[in-house]
Amino acid sequence: MTDPFAASPRREAADSGDSRRPWARFSSWLECVCVVTFDLELGQAIELVYPQDVKLTEKEKTSICYLSFPDSYSGCLGDTQFSFRLRQSVGRRAPKVREDVYNGDAPVALQVRTRPHHLHHHLHLHHLPLSLQAEASHFFGYVYFRQVKDVSVKRGYFQKSLVLVSQFPYVHLFHSLLRIIAPEFFDKLEPVLETVCNEIDQWPPPVPGQTLNLPVMGVVLQVRIPSKSDKLGGSPVRNTPTENLLPAPTLLPTIHELDLFRCFQSVLVHLQMLWELTLLGEPLIVMAPSPTVSSETVLALISSISPLKFCCDFRPYFTVHDSEFREFTTRTQAPPSVLLGVTNPFFIKTFQNWPHVIRLGELKMAGDLPKQVKVKKPSKLKALDTKPGIYTSYTTFLHKDKILIKRLLKGIQRKRPSEVQSVILKRHLLELTQSFIIPLERYMASLMPLQRSVTPWKTPPQIRPFSQDDFLATLEHAGPQLTSPLKGDWIGLYRKFLRCQNFDGWYRHRHREMSQKLESLHLEAICDADLLGWTRDKSEVEIVDLVLKLREKQVKARRQQLQLKDGVLDRLDGFVSAIVGSLPGDLQAVLS
């Protein structure tokens, strides 16, 4: 069979010496597109990976195969969309542009690992909110699965998945994209993929703060890429003049947010508990009737603590075939800090020793309100026909916000649109998380050395160490009670948070930001100093040492993309050139 992609226009352009590397723009959005099918002899198998030069390891291919099909228990007929997340194989990881686990300025939830051939784009990535930055060691998979009766197939069913693999958590954008391309793909197969991938390879890169028009298959998606500088809780999308674009763009209000109200409607009365369990990185299982519900619930839980980045491992959809299955289900040690979404009832037995399990059923109504699941003791989680409920012995530190719950339930009775309910919910969770983080931010800022202590001739002063006791002592006068009406044991919640991975990730990120700020202040102080005057009475050894140190600082500043006043690095270049120029010729030759 001839390869339909053997001579794509994109490839030919690359081969004929096109200045732009092939797939550079494609790679700033997606890693690859996979087609997974059911083979009677092999089971799930990858039929196609595009672009063809993408090298997935055998382990990654196997994981994608199993994660791209719903568990047989789900009974998904028709079309199903869901998301998964898988660990990259260690040997394939490319060097990261930043050493930052949070990847710079993306909202923590949206940051990404880079390929060498599109580093130019990643200069902008540190402006993404943390939660949106690309993942350094995991891929996200966005799946459109179709299962329909087909008498021409031995099993009697056509079963195939189209999967977008990316390091970005742009869940809303990629699922919207799949809704456009998948129906066409299932109708016309491979040629559609080639066309779509070539169109994506013409897209502008996702630069934070910009509104972009993304054409695909006769539709133009208009999206705004969030930026760290966005006002939290504001409405992010502003319709820009479309310059008479035809067709008129389809406006996506978000690239990554979910309909929180729809995701949480059967657990509304337990939101406070779920927020605390997620904040504390507790081992948590979401057992759902379908991969769609499982993956959306897991991603909604993670977004509930935004703008704080969820730093534990999480799997929106997890199966018994997963390569980490043993690692997560071992009984010889305590369950790991991981959030898993599953659909296979077998997991009820496997996860009996886990402290928190959310069992969701199909949504049922009690009158005109969604029926709320109940909290039950973990010991009740035994039979395969376990009823929906939250199986945990956890007691919340904070009291429920009864006003919020009443407002949401009243909204259901009054037929308030789901999007409006989601905005109310999102704002509540954002204010709650911010009330929790502000005292930590305030205390952390107090550990920063004074600006006047930064001088050009000394190493920058150290950030003072974080003291748990000193921090807790600040809460009496500057605690969350200043901004949140919720009562409860806030100090107990902080004590537990300070021992979890989410605090560790937050602290390391803030410490790195502060260290970089000190480095910036030090560079600016050096620029304002009389460097040439200092060298006049110094030995050649001391001057060469200064030149090497300044160059090292310049390299570090560019690598870390330090926020500096305009012209600082250029002035520093000028100083270094002038100092080198004042040295004897033999030393100039060595230093050049």
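The questions and answers below concern sheets, helix packing, a pocket and some backbone details of a predicted model.

Q: In which order do the strands of the open sheet of 5 strands stand, and which strands stand at its edges?
A: The pairing in this open sheet is antiparallel, and its order is β2-β1-β6-β5-β3. A strand at the edge has a single partner strand, so one side of it is left without a neighbour in the sheet. That is the situation of the two edge strands, β2 (43–50) and β3 (78–87).

Q: How many bridges join β1 to β2, and through how many residues does the hairpin pass?
A: The two strands run antiparallel, and Phe38 stands opposite Gln44 in β2. The bridges that join β1 to β2 number 7, and the hairpin between these strands passes through 3 residues.

Q: Which residue in β6 stands opposite Val36?
A: Strand β1 (residues 32–39) runs antiparallel to strand β6 (residues 157–166), and 6 bridges join them. In β6, the residue that stands opposite Val36 is Ser161.

Q: Which strands does helix α6 lie across, and at about what angle does it run to β2?
A: Helix α6 covers residues 190–200. The helix lies across β1, β2 and β6, and its angle to β2 is about 45°.

Q: Why are α5 and α6 described as roughly antiparallel?
A: The axes of the two helices come within 7 Å and cross at roughly 150°. Angles over 145 degrees count as roughly antiparallel, and α5 and α6 are therefore, relative to each other, roughly antiparallel.

Q: How do the residues of the contact of α5 with α6 divide into nonpolar, polar and charged?
A: From α5 the contact takes in Leu177, Ile181, Glu184, Phe185 and Lys188, which meet Glu190, Pro191, Val192, Leu193, Val196 and Ile200 in α6. The residues of this contact divide into 8 nonpolar, no polar and 3 charged.

Q: In which sense do β8 and β9 pair, and which residue in β9 stands opposite Gln222?
A: These strands belong to an open sheet of 3 strands with mixed pairing and the order β7-β8-β9, in which the edge strands are β7 (211–216) and β9 (250–251). Over 2 bridges, strand β8 (residues 219–224) and β9 pair in the parallel sense, and the residue opposite Gln222 is Leu251.

Q: Which residue in the loop between β7 and β8 has a positive phi?
A: Most residues other than glycine have a negative phi. In the loop between β7 and β8, a residue other than glycine has a phi near 50°, and that residue is Met217.

Q: Which elements give two or more residues to the lining of the second largest pocket?
A: The second largest pocket has a volume of about 710 Å³, and of the 27 residues that line it, the closest to its centre are Lys458, Thr459, Pro460, His522 and Lys553. The lining divides into 11 nonpolar, 7 polar and 9 charged residues. The elements that give two or more residues to this lining are α16 (501–528), α17 (531–535) and α18 (540–559).

Q: Where do the cis peptide bonds at Pro51 and Pro307 lie?
A: Most peptide bonds are trans. The bond between Tyr50 and Pro51 is cis, with omega about -5°, and the one from Ser306 to Pro307 is also cis, with omega near 10°. Pro51 lies in the loop between β2 and α3 (58–67), whereas the place of Pro307 is the loop between α9 (291–303) and β11 (313–315).

Technical notes: Residues numbered from 1 in each chain as written. Predicted model: local features only at pLDDT ≥ 70, side-chain atom pairs only at ≥ 80, totals over all residues. Heavy atoms only, no water. Pairing = 2+ DSSP bridges. Helix = DSSP H or I, 4+ residues; strand = E, 2+ residues; numbered from the N terminus. 1 Å grid on protein atoms, 1.4 Å probe; cavity = no way out; pocket = protein on both sides within 12 Å on 5 of 7 lines; lining within 4 Å. Points joined across faces, edges and corners; volume = space filled by probe spheres on them. Nonpolar A, V, L, I, M, F, W, Y, C, P; charged D, E, K, R; others polar. Contact = heavy atoms within 4.5 Å. Axes fitted to C-alpha atoms, helices over the stretch in contact; angles between N-to-C directions. Parallel < 35°, antiparallel > 145°, perpendicular 65-115°, else oblique.
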